[in-house]
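User: Please take a close look at the ligand and its surroundings in this model, and then follow the chain outward to the charged pairs and some buried residues. I am a first-year student, so explain each term when it comes up.

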Amino acid sequence: MHQYDVVVVGKGNAALCAALSARDKGATVAMLEAASVDESGGNSRFAGGVMRFAYSSVEDLQKLTDIPEDEAKNTDWDSNTVEEFYEDLYRVTSYRTDPDLSEALITKSLEGMVWLRTQGAKFVPNYGAQSAIVNGKRKFFGRFPITVNGGGAGLVEDLTKTAVKKGIEIFYETRVISLIYDGERVLGVRAKQKGAVVESHARAVVLACGGFEANPEWRTRYLGPGWELAKVRGTRHNLGEGLKMALEIGACPYGNWSGRHAVSWERHAPEFGEVERSHDPYRHSYPYSIMINAEGRRFVDEGADFYNYTYAKYGAEVLRQTGQFAYQVFDAKSKPLLKKEYGGRNVTKFTGNTLEELAGRLEGVDAKQFLKTVREYNAAVKTTVPYNHAVRDGRGTEGIEPPKSNWAHVIDTPPFEAYGVTCGITFTFGGLRINHETGQVLDLGYQPIPGLYAAGEMVGGIFYFNYPAGTGLVSGLVFGRIAGNGAGAAVKAA
Ligand SMILES: Cc1cc2nc3c(=O)[nH]c(=O)nc-3n(C[C@H](O)[C@H](O)[C@H](O)COP(=O)(O)OP(=O)(O)OC[C@H]3O[C@@H](n4cnc5c(N)ncnc54)[C@H](O)[C@@H]3O)c2cc1C
């Protein structure tokens, strides 16, 4: 039996931010991680590393990374003011996001990023993926010009080093199976460690062990039939166990339990993410494509917005199609816009010098209808509107359903290419109800459960239906800090 002030369950970004915050309050802290060292770090380790936080000027960005003055001046850094962040989050969640949680997320995001830098995280401008040269000047788009160096893997590595340096004990291959609860307060956790059950007693437990995205049975149960067939983009360890153990002692469920972040993903990707090749299955260039299903028809507005605002909901649209697949179709004009992973290995790709040739190669697709769809789409493109991929260019279609609202090219220039995609689930939106100031988990009567805190994917009520890219890591950061500070302060006050 071990005794700590604070036990943190998990070792992803939210857990690390909670552990470091609690430690800075003077608490003794242990982290219990289900995965081995090699597989540790949760979905955070798979993250591309873009982070969406509120900023109003380049000076705010300079608090996070060194940007030479001439570069600062001569670049359009886009903006993501507090108001713009609210607007995006409310719009994409259909105005369902919890007002208190979203306020905490948005208003504490920049100070959180500055704090994260003090904990060893390194940030860099995201020139490659989020900017383009427009009229001779570099312009960022999508409202997140900064990414964490080395992606999520770099972030987890840097924070882990700091945690070890600060004396936080980390136990790997230690899967927490239940909370120790006396009917009034949480007193610790029980875990399976190398086949044996071990107990860790603590004055506060922070659950930061992810959603249920890797659990096919729970996916089917809560997201609906067919979701067991989705590929998992990240870790295989987030099975909903933290949620289960909290619900078992009367924690209040909250948020969009049938909701999830899921994207278009390489059709034949492995069952779970592979950390060494975590980016290979990305297929985020669909706004420049038309997406065709087995019936040879389009089924979404591919160019409704920048991918940052649609990718997280379009995975579900792909899953809904016959056979759970679709093809993203491009012609040679769009090819230069494709992200680099389209040119990688293990890509389901077909090419044709004519559309007829391509249609004949797309196994399982109604070729006749495919050609009709392309003809109708081509005839509907508003070719008089100039094409510009760095802005919402309004070059859409007229008179077809569904429309394509931006970035519509006539598909007429060979070679033609089609990339096979299926649905890849990232994380689930349903979670626990927490106090937004302390991170404490609330019970069914909305009263705090003494000794129990939650952070990261486990917090319900923030995301509904959809998600603005780059918010998962920042949510883990903000609510990880809140929970860690809350737990650390409560322990020290006791
Ligand atoms: C491929 C991919 C790309 C992404 N890209 C981005 C991006 O660029 N920007 C962004 O903001 N977000 C991104 N995300 C989303 C982001 O990674 C997550 O929202 C975020 O990392 C979740 O952090 P977390 O700490 O809550 O969970 P996780 O990082 O998943 O951590 C959960 C931890 O709990 C552990 N665990 C689970 N069960 C137990 C148990 N019973 N006992 C002990 N430990 C347990 C897991 O092993 C893991 O360490 C991406 C996700 C994926 C999969």
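Analyst: The answer starts at the ligand, goes on to the salt bridges, and ends with a helix and three single residues.

This is a predicted model, in which local features need pLDDT of at least 70 and side-chain atom pairs count only at pLDDT 80 or more, while totals for chains, interfaces and linings use all residues. Residues are numbered from 1 along each chain as its sequence is written, and side-chain values use heavy atoms, with hydrogens and water left out.

The shell around the ligand has 39 residues (a residue belongs to it if one of its heavy atoms lies within 4 Å). Glu33, Asn43, Ser44, Asn238 and Leu473 come nearest to the ligand. By residue type, the shell consists of 14 nonpolar, 19 polar and 6 charged residues (Ala, Val, Leu, Ile, Met, Phe, Trp, Tyr, Cys and Pro are nonpolar, Asp, Glu, Lys and Arg are charged, and the others, Gly among them, are polar). Several elements each supply at least two residues of this shell: helix 1 (13-24), strand 9 (174-181), strand 18 (416-428) and helix 14 (471-493). Helices (H or I, at least four residues) and strands (E, at least two) are DSSP runs, numbered from the N terminus.

Polar contacts (pairs of N or O atoms within 3.5 Å; within protein, one must be able to donate a hydrogen and the other to accept it, and residues adjacent in sequence count only if both atoms are side-chain atoms) can be listed for the ligand too. At Glu33, an N or O atom of the side chain is 2.6 Å from an oxygen atom of the ligand. Asn13 uses its backbone instead, with a polar atom there 3.4 Å from a ligand oxygen. A ligand nitrogen is 3.1 Å from a polar backbone atom of Ala34. Taken alone the ligand exposes 1000 Å², and the protein buries 98% of that (accessible areas come from the Shrake-Rupley method with a 1.4 Å probe; for residues, only the protein chains shown count as cover).

Next come the charged pairs. Side chains of opposite charge can pair when their charged atoms come close. The structure holds 29 salt bridges (a side-chain nitrogen of Lys or Arg within 4 Å of a carboxyl oxygen of Asp or Glu). One of them joins Asp24 and Lys166, with the closest N and O atoms 3.1 Å apart. Asp24 belongs to helix 1, whereas Lys166 sits in the loop between helix 8 (151-165) and strand 8 (169-171), 142 residues away along the chain. Both are partly exposed: Asp24 has a relative accessible area of 45%, and Lys166 has 26% (buried is under 20%, exposed is over 50%, and partly exposed is in between, with a 1.4 Å probe and protein chains only).

Asp88 pairs with Arg52, their closest N and O atoms being 3.7 Å apart. Asp88 lies in helix 4 (residues 82-92) and Arg52 in the loop between strand 2 (29-32) and helix 2 (58-62), so this bridge ties together parts 36 residues apart in sequence. Asp88 is buried at 2%, and Arg52 is buried at 0%.

A further bridge runs from Arg91 to Asp305, at 3.6 Å between the closest N and O atoms. It links helix 4, which holds Arg91, to the loop between strand 15 (290-292) and helix 11 (307-319), which holds Asp305, 214 residues apart. Arg91 is partly exposed at 34%, while Asp305 is buried at 8%. Shared partners join Arg52, Glu84, Asp88, Arg91, Arg143, Asp305 and Arg392 into one network of salt bridges.

Helix 10 (residues 241-248) has Gly242, Leu243, Met245 and Ala246 as its buried residues. These pack against strand 9, strand 11 (196-207), helix 9 (216-223), strand 19 (431-432) and strand 21 (448-454). After helix 10 comes Gly250, with a positive phi near 95 degrees.

Three single residues remain. Leu319, in helix 11, is buried at 9%. Beyond four places in sequence, Leu319 is in contact (heavy atoms within 4.5 Å) with Gly226, Trp227, Ala230, Gln324 and Cys423. Gln369, in helix 13 (residues 367-380), is buried at 12%. Outside its neighbours up to four places away, Gln369 touches Glu295, Gly296 and Arg297. Tyr288 is placed in the loop between strand 14 (260-266) and strand 15, and is buried at 15%. Among the contacts of Tyr288 beyond four places in sequence are Phe330, Tyr387, His389 and Trp407.
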